[in-house]
Amino acid sequence: MFEFEFMRLAFAAGAIVGVLAPVVGFFLVQRQMSLIGDGIGHVAFAGVALGYLIGISPVWTALVAAVAGAVVIEWLRAHRKAAGDQALALVFYTGIAGGVVLISAAGALNANLFSYLFGSILTVSRSDLVTIAILGVAALALVAVFLRALLAVTLDEEGAQVAGLPVPVLNGLVSMLAALTIGISMRIVGVLLIAALMVLPVIAAQRVAWSLRSTIGLSMLVGLASALAGLTTSYYANLPPGGTIVLVATALFLLAATVETVRSRV
Amino acid sequence: MPLAVELDGVSFAYLPGQPVLGDVSLEIETGEFVAIAGPNGGGKTTLLRLVLGLERPNAGRVRLFGDAPDRFRERPKLGYLAQRAQLGVQAPATVLEVVTAGRAALRPVGRLTAEDREAIEAAIERVGLSALAKRPLTRLSGGQQQRAFIAKALAPEPKLLALDEPTAGVDVAAQEALAELLARLHDELNVTILYVSHEFGAIEHVVERLVLVRERIVFDGPPSSLPGVWHDPSHVHV
């Protein structure tokens, strides 16, 4: 399958997304905001629709909309204007409703739209890959640089605040990274399924991990394996890649849960 | 040397018309070991949160080592154990990872220095968890978890150690062990300790000073001078 350039591009993009999504997802899962990716993803859908309507590349409008959605969710949560789940619901439903209205106005209910919603291995261009690589490496580098501070806030937000860490800035950074991840992942996994690739590898990894750092490392491996195995299956079985990648991640979660159960009985 | 903590005519209410603290004045010297006790809802945790800058007073003035708490330049040197301290994560955080997080404000980015590692190892050793440093907290007893959180508070080599209900959820033996540990830390490190708890039986033989709070300060002195009736849990502290 690697004789086709579109598969080489899809695999390269999938590898970056598979590694990045769980790293960012780790912080969302630990803050018990696993569904924030879904909320931002639905706003990204509205961004895709807006791109069609005004004739700009949907990738960029989706990225801007995702960042805006992340800012709104974090602001609502941090200022206690709404509980975390309520803030999420507000953004989630507004995003999907806005997307439906905009996409209808643009007359763009077509197969190309579906590639943004559920991913496509045919749509990653060379310029897309360059964008994904630059933004993906930048996001991973940000996490690496601020890992200790991010872990401190994740472990004990109030303690971090007392110690003088810039907690709102670090929480905002996680939300920004989530938006960025969704923006660059939608060509492969789709905006409606990317949240699963952020969450499932993490909850699989923490079943068998022995520390926070091993949880992050194992979740990257699970995400990478899910992306590559999912893309391979997608190619040979002619299935949508987003759904296939997520189902592989689900299977790996079940495997990890089984290992945990067996280990606890030994 | 400035006072460690100074409250001058401090009043605070979360809701209008429902004061939690009224006209409270308190001075704590650097290096003192003080228990702040009182009934639930009496304002002792609020008092600690005001000292740490987590809340702002409606009236009066709070000073932490001479500065307003939110302008205190050495905030990374505040060791804090929150009420019902527990991990904010579901992933298996080890003792070493939790204690290292206590040093994060001093070294938010870049590699840990040898000095950082020594401070982290020393904090773990002081609470007697060296042999369990790489074990996830989820596999430790309640008392051991509490000691890990105290090691986290010790990791920045604090000027002030603030503990809010540190004995909640641990058995009597662990409470007594914690009191002995804190007494030893106070002697060895000469750190200012604020110990907030709704009951003070386990700690009164090791603290120098007891402050009882029920909206106002109703007792302030050495535990030995406390009238016998105050030791009765049914006493309402008015």
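This is a short talk on a two-chain model, taking the chains one at a time, then their contact, then a few single residues.

Hi everyone, thanks for coming. Please keep in mind throughout that the model is predicted.

Let me start with chain A. What is its secondary structure made of, helices or strands? Chain A has 11 helices and zero strands, so if you read from the N terminus you meet α-α-α-α-α-α-α-α-α-α-α. Its radius of gyration is 18 Å, close to the 18 Å that the globule rule gives for 266 residues, so chain A is as compact as a globular protein of that length. The C-alpha trace of chain A spans about 50 × 45 × 30 Å along its principal axes. Buried residues account for 54% of the 266 in this chain. For those of you who think in contact maps: take the contacts in chain A with a separation of 6 or more, and 74% of them come from residues 24 or more positions apart.

Now for two helix pairs in chain A. The first is α1, residues 5-30, with α10. These helices pack at an angle of about 150°, and their axes are 8 Å apart. Angles over 145 degrees count as roughly antiparallel, and that is therefore how α1(A) and α10(A) run relative to each other. The crossing of α1(A) past α10(A) is right-handed. On the α1(A) side, the residues that meet α10(A) include Met7(A), Phe11(A), Gly14(A), Gly18(A) and Phe26(A). On the α10(A) side, among them are Ser219(A), Gly223(A), Leu228(A) and Tyr235(A). Sorted by class, this contact has 18 nonpolar residues, six polar ones and no charged ones.

The second pair is α2, residues 36-54, with α8, residues 167-185. Here the packing angle is about 55° and the axes are 10 Å apart. That angle makes α2(A) oblique to α8(A). Which hand does the crossing of α2(A) and α8(A) have? It is right-handed. From α2(A), the residues in contact are Ile36(A), Gly37(A), Ile40(A), Gly41(A) and Ala44(A), and they meet Ala178(A), Ala179(A), Ile182(A) and Gly183(A) in α8(A). The class count for this contact is six nonpolar, three polar and no charged residues.

On to chain B. This one mixes its elements, with five helices and nine strands. In sequence order the pattern is β-β-β-α-β-β-α-α-α-β-α-β-β-β. The radius of gyration of chain B is 18 Å, close to the 18 Å from the globule rule for 238 residues, so chain B is as compact as a globular protein of that length. Its C-alpha trace spans about 50 × 40 × 35 Å along the principal axes. Of its 238 residues, 45% are buried. Of the contacts in chain B between residues at least 6 apart in sequence, 70% join residues at least 24 apart.

So how many residues of each chain take part where they touch? The count is 25 residues of chain B in contact with 25 residues of chain A. On the chain B side, β5 (78-81) and α2 (95-101) are the elements that give two or more residues. The most comes from α2(B), with three residues. By class, the chain B side divides into 19 nonpolar, three polar and three charged residues.

Last, a few residues you may want to click on. Two of them have unusual backbones. Most residues other than glycine have a negative phi. Asn238(A), however, has a positive phi, near 55°, and Glu165(B) has a positive phi near 50°. Where do they sit? Asn238(A) is in the loop between α10 (212-237) and α11 (241-265) of chain A, while Glu165(B) is in the loop between β6 (160-164) and α5 (172-189) of chain B. Buried or exposed? Asn238(A) counts as exposed, with 7 C-beta neighbours inside 10 Å. Glu165(B) counts as buried, because it has 20 such neighbours inside 10 Å and the cut-off for buried is 20 or more.

My final stop is Val137(A), in helix α6, residues 126-155, of chain A. With 12 other C-beta atoms within 10 Å, Val137(A) is exposed. Val137(A) and Ile16(A) are 121 residues apart in sequence, and 8.1 Å apart in space from C-alpha to C-alpha.

That's my tour. Happy to take questions!

Methods
Residues numbered from 1 in each chain as written. Chains lettered and ligands numbered in written order. Predicted model: local features only at pLDDT ≥ 70, side-chain atom pairs only at ≥ 80, totals over all residues. Axes fitted to C-alpha atoms, helices over the stretch in contact; angles between N-to-C directions. Helix = DSSP H or I, 4+ residues; strand = E, 2+ residues; numbered from the N terminus. Parallel < 35°, antiparallel > 145°, perpendicular 65-115°, else oblique. Left-handed = near helix turned anticlockwise from the far one by under 90°. Contact = placed C-beta atoms within 7 Å. Nonpolar A, V, L, I, M, F, W, Y, C, P; charged D, E, K, R; others polar. Rg over C-alpha atoms; globule rule 2.2 N^0.38 Å.
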